[in-house]
Amino acid sequence: MPTIILITGANSVVGYAAAKVIASSSFEYYVLMAGRNMTKVDAARSELEASGTLKGKLFSIRLDVMHESTIKQAAANVEKQFGRLDVLINNAGVGNRDPDLDTRLRANFDTNVVGPALVSQAFRPLLLKSTNPRSIYISSGSGSIERAAHRTKQVLPNAESYSVSKAALNMLALNEKIDYGAQGLKVFVFCPGFVVSNIRGSSKEERSGGGMAGDPDVSAMMLRDMIEERRDEDIGKFIHRDGIYPW
Ligand SMILES: NC(=O)c1ccc[n+]([C@@H]2O[C@H](COP(=O)([O-])OP(=O)(O)OC[C@H]3O[C@@H](n4cnc5c(N)ncnc54)[C@H](OP(=O)(O)O)[C@@H]3O)[C@@H](O)[C@H]2O)c1
């Protein structure tokens with residue numbers, strides 16, 4: 001029986017690397033690459049399929065975390081096609097640093113908090129049909145309140161709203177653990193680390209974080225470990241590439 005894994009925002013960096021690494025690992029993995037722009041999602045899926053390295057199967061699925069109708073439709077489609085979901089990776093995110101506080105706060109909250117909350121709500125009934133359900137939230141070390149308590153300056157200007165949204169996402173994940181952990185749902189929070197990304201902007205300098213950003217495939221391998229029960233001692237924790245973050 002295949003393991004059904006859905007990744008939101010799977011057409012870009014962290015989500016894309018996760019789809020690649022997971023689907024390259026086992027014939028049993030069916031990775032549902034979810035995204036809001038089907039041209040981008042289909043292009044990403046085709047690129048991976050053309051690589052010749054895949055063992056598992058990829059599927060494209062439309063899901064805009066800002067539009068609940070697409071979330072509900074995606075869940076209905078997964079139910080119809082597979083009858084359950086084994087792993088949900090809430091990965092889609094933005095790092096909005098608009099100069100206007102109201103704009104950036106709402107943008108980060110809509111995508112990084114409200115979106116994952118609605119996605120989890122819609123897919124949870126399908127997860128609870130799995131014999132080994134896993135719910136993984138892609139957060140950021142900047143959302144650690146304990147770490148922020150020792151910080152004296154922002155890494156980037158106007159970055160506070162992103163951090164606030166990720167702290168809220170962490171609380172969302174913990175509440176899911178509280179509410180559904182006893183039913184067998186294994187909840188993880190994961191910071192992929194400072195990796196090459198479109199989230200900071202599209203220029204070479206921004207994508208590479210001034211040449212400092214790491215390889216998202218390494219983060220993807222850690223996500224695979226969470227799926228393959230190698231991180232089960234860290235269920236309900238805030239995992240990062242080199243250990244565990246304080247909340
Ligand atoms: N990269 C890092 O250094 C880093 C560090 C810590 C945490 N993270 C977290 O890792 C996750 C992935 O980041 P990334 O580096 O891969 O960023 P990215 O390259 O910007 O990719 C973000 C993905 O989210 C999707 N997305 C944005 N809004 C969406 C919406 N409304 N509905 C559905 N999908 C939406 C994007 O779709 P489009 O392509 O259509 O825009 C894209 O696929 C985020 O949650 C981020 O906060 C990243």
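**View 1. Glu229 sits in the loop between helix H8 (216–227) and strand S7 (238–240).** What you see here is a predicted model, so local features are described only where pLDDT is at least 70 and side-chain atom pairs only at pLDDT 80 or more, while totals for chains, interfaces and linings use all residues. Residues are numbered from 1 along each chain as its sequence is written, and side-chain values use heavy atoms, with hydrogens and water left out. Helices (H or I, at least four residues) and strands (E, at least two) are DSSP runs, numbered from the N terminus. Just after H8, Glu229 takes a positive phi of about 65°, although this residue is not a glycine. Most residues other than glycine have a negative phi. Glu229 counts as partly exposed because its relative accessibility is 48%; buried means under 20% relative accessible area, exposed over 50%, and partly exposed in between (1.4 Å probe, protein chains only).

**View 2. Helix H8 begins beside the side chain of Asp215.** At this start, a side-chain oxygen of Asp215 comes within 2.9 Å of the backbone nitrogen of Asp217. Follow the helix along and you will count 12 residues, reaching 17 Å from the first C-alpha to the last. That is close to the 16 Å expected at 1.5 Å a residue, where the expected span is 1.5 Å times one less than the number of residues. Which residues of H8 are buried? They are Pro216, Asp217, Ser219, Ala220, Met222, Leu223, Met226 and Ile227.

**View 3. Helix H3 (residues 68–82) has buried residues and, on the face turned away from them, exposed ones.** This helix has 15 residues and reaches 21 Å between its first and last C-alpha, close to the 21 Å expected. Its buried residues are Thr70, Ile71, Ala74, Ala75, Val78 and Phe82. Why do they lie on the same side of H3? Because they cover an arc of only 140° around the axis, the arc being that of the directions from the helix axis to the C-beta atoms. Look at the face turned away from this buried side and you will find the exposed residues Ser69, Lys72 and Lys80.

**View 4. The ligand is surrounded by 29 residues.** Here a residue is near a molecule if one of its heavy atoms lies within 4 Å of it. The closest are Ser12, Arg36, Asn91, Tyr162 and Ser197. This shell divides into 13 nonpolar, 11 polar and 5 charged residues. In that count, Ala, Val, Leu, Ile, Met, Phe, Trp, Tyr, Cys and Pro are nonpolar, Asp, Glu, Lys and Arg are charged, and the others, Gly among them, are polar.

**View 5. Oxygen atoms of the ligand meet Arg36, Val195 and Gly93.** An N or O atom in the side chain of Arg36 is 2.7 Å from a ligand oxygen. The backbone takes part too: a polar backbone atom of Val195 is 2.9 Å from an oxygen atom of the ligand, and for a backbone N or O atom of Gly93 the distance is 3.4 Å. How much of the ligand does the protein bury? Taken alone, the ligand exposes 900 Å², and the protein buries 93% of that; accessible areas come from the Shrake-Rupley method with a 1.4 Å probe, and for residues only the protein chains shown count as cover. Helix H1 (13–23) and helix H6 (160–180) are the elements that give two or more residues to the shell.

**View 6. The side chains of Ser120 and Asn90 make a polar contact.** A polar contact is a pair of N or O atoms within 3.5 Å; within protein, one must be able to donate a hydrogen and the other to accept it, and residues adjacent in sequence count only if both atoms are side-chain atoms. In this pair the distance is 3.0 Å. Ser120 belongs to helix H4 (residues 101–127) and counts as buried because its relative accessibility is 1%.

**View 7. Thr8 lies in the loop between strand S1 (3–7) and H1.** A polar atom of the Thr8 side chain is 2.8 Å from the backbone nitrogen of Asn91. Is Thr8 buried or exposed? At 1% relative accessibility, Thr8 is buried.

**View 8. Asn158 is in the loop between helix H5 (145–148) and H6.** Its phi is near 60°, a positive value in a residue other than glycine. Asn158 is partly exposed, since its relative accessible area is 28%.
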